[in-house]
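Here's a quick briefing on one helix, one strand residue and the ligand site. Have the model open as you read.

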Amino acid sequence: MSSRVLITGGAGFIGSHLSERLLDEGHEVICVDNFFTGSRRNVEHLFGNPRFELLRHDVTFPLYVEVDQIYNLACPASPVHYQHDPVQTTKTSVMGAINMLGLAKRLRVPILQASTSEVYGDPAVHPQTEDYWGNVNPIGTRSCYDEGKRAAETLFFDYRRQHDLSIKVIRIFNTYGPRMHPNDGRVVSNFIVQALRGEPITIYGDGSQTRSFCFVDDLVDGMVRLMNTDHEVTGPVNVGNPGEFTMLELANAVLEITGSSSEIEHRPLPQDDPKQRQPNIDLARRELGWEPTVALRPGLERTIEYFRGVLATA
Ligand SMILES: NC(=O)c1ccc[n+]([C@@H]2O[C@H](COP(=O)([O-])OP(=O)(O)OC[C@H]3O[C@@H](n4cnc5c(N)ncnc54)[C@H](O)[C@@H]3O)[C@@H](O)[C@H]2O)c1
């Protein structure tokens, strides 16, 4: 059955892929964005579709639309962007959640929150399961993002307890793919852009810290599956790719695929940078029947192809 779906942050990296996926399934999509980090360009290929609508709106203000489902993705996701105006970042997570939950409550429709593995902070438990409460610095420079997302989770569960709302909380781990920002300081886009420009590849620390990377199509599939579970399934549920790579391994894979002759350059580790992060996805496997299908190499190849196009037209 086709529905009308609201996606906040819909003109961002993940939101644009989610918009595509839902339109492909025959739904109507209302994409709401204030274009802080997202852009019209990310969704311009959808403008010709009569089931797609783009609204400029800041989620820290209330929104009145009639929809059947809400995906709440609005929030800058990379440190460069969320630290640019940290007060606005917390406001977006907290007031955005309040406004969207209020809308979901009025309409009695399910709402999904794009939460993050950052709620685990610098984890003392590895790999992270959903029952781990995290190790987050409440007053550091990353806190506007981490604590904003934690507060949003609290609000989601209180709306559930207090108003019996159908809530879905997904904890997204590092995701990559086409339409990532070229200059947002995230490791995959950084390495690719540096390699394609023939600039040195900058690794923070000695490069032994690990991350797991999920291709965006896999993540979007997990989101859609979670949204369409029944009332009892709320999450939080980890969605990410458990395949773990060191920064050095990632840099070498990018160098190999691009054929670049860039050198590797080491820089000091930033404050609160987690040393290790890997999702445990047993719950997603069990409750959503989900697991990643795109391996790092083909995912990197598609992302590199996208960035080649971006850099060629820049
Ligand atoms: N990309 C990842 O690896 C990752 C990991 C964990 C969680 N997430 C979460 O997924 C969501 C999407 O992330 P993304 O990678 O697509 O980032 P993104 O920055 O590309 O997208 C976020 C979108 O939200 C919009 N936005 C920001 N503040 C807003 C506001 N006040 N009102 C309306 N729109 C606003 C931005 O303009 C942008 O289009 C975010 O909530 C992020 O925290 C992403």
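The notes below go through the helix, then the strand residue, then the ligand.

This is a predicted model, where local features need pLDDT of at least 70, side-chain atom pairs count only at pLDDT 80 or more, and totals for chains, interfaces and linings use all residues. Numbering runs from 1 along each chain as its sequence is written, and side-chain values use heavy atoms, with hydrogens and water left out.

**Helix H4**
- H4 (residues 86-107; helices are DSSP runs of H or I, at least four residues, and strands are E runs, at least two) has 22 residues and spans 31 Å from first to last C-alpha, close to the expected 32 Å (1.5 Å times one less than its number of residues).
- There's a bend of about 25° at Thr-92 (the angle between axes fitted to the seven residues ending there and the seven starting there).
- Right after H4 comes Arg-108, with a positive phi near 55°.

**Thr-116**
- Thr-116 sits in strand S5 and is buried at 5% relative accessible area (buried means under 20%, with a 1.4 Å probe and protein chains only).
- Beyond four places in sequence, Thr-116 touches Tyr-145, Lys-149, Ile-170, Arg-171 and Ile-172 (heavy atoms within 4.5 Å).

**Ligand**
- Of the 30 residues around the ligand, Asp-33, Thr-37, Tyr-145, Lys-149 and Arg-186 come nearest (a residue counts if one of its heavy atoms lies within 4 Å).
- S5 gives the largest share of the shell around the ligand, three residues.

Notes: Buried < 20%, exposed > 50% of the residue type's maximum accessible area, 1.4 Å probe, protein only.
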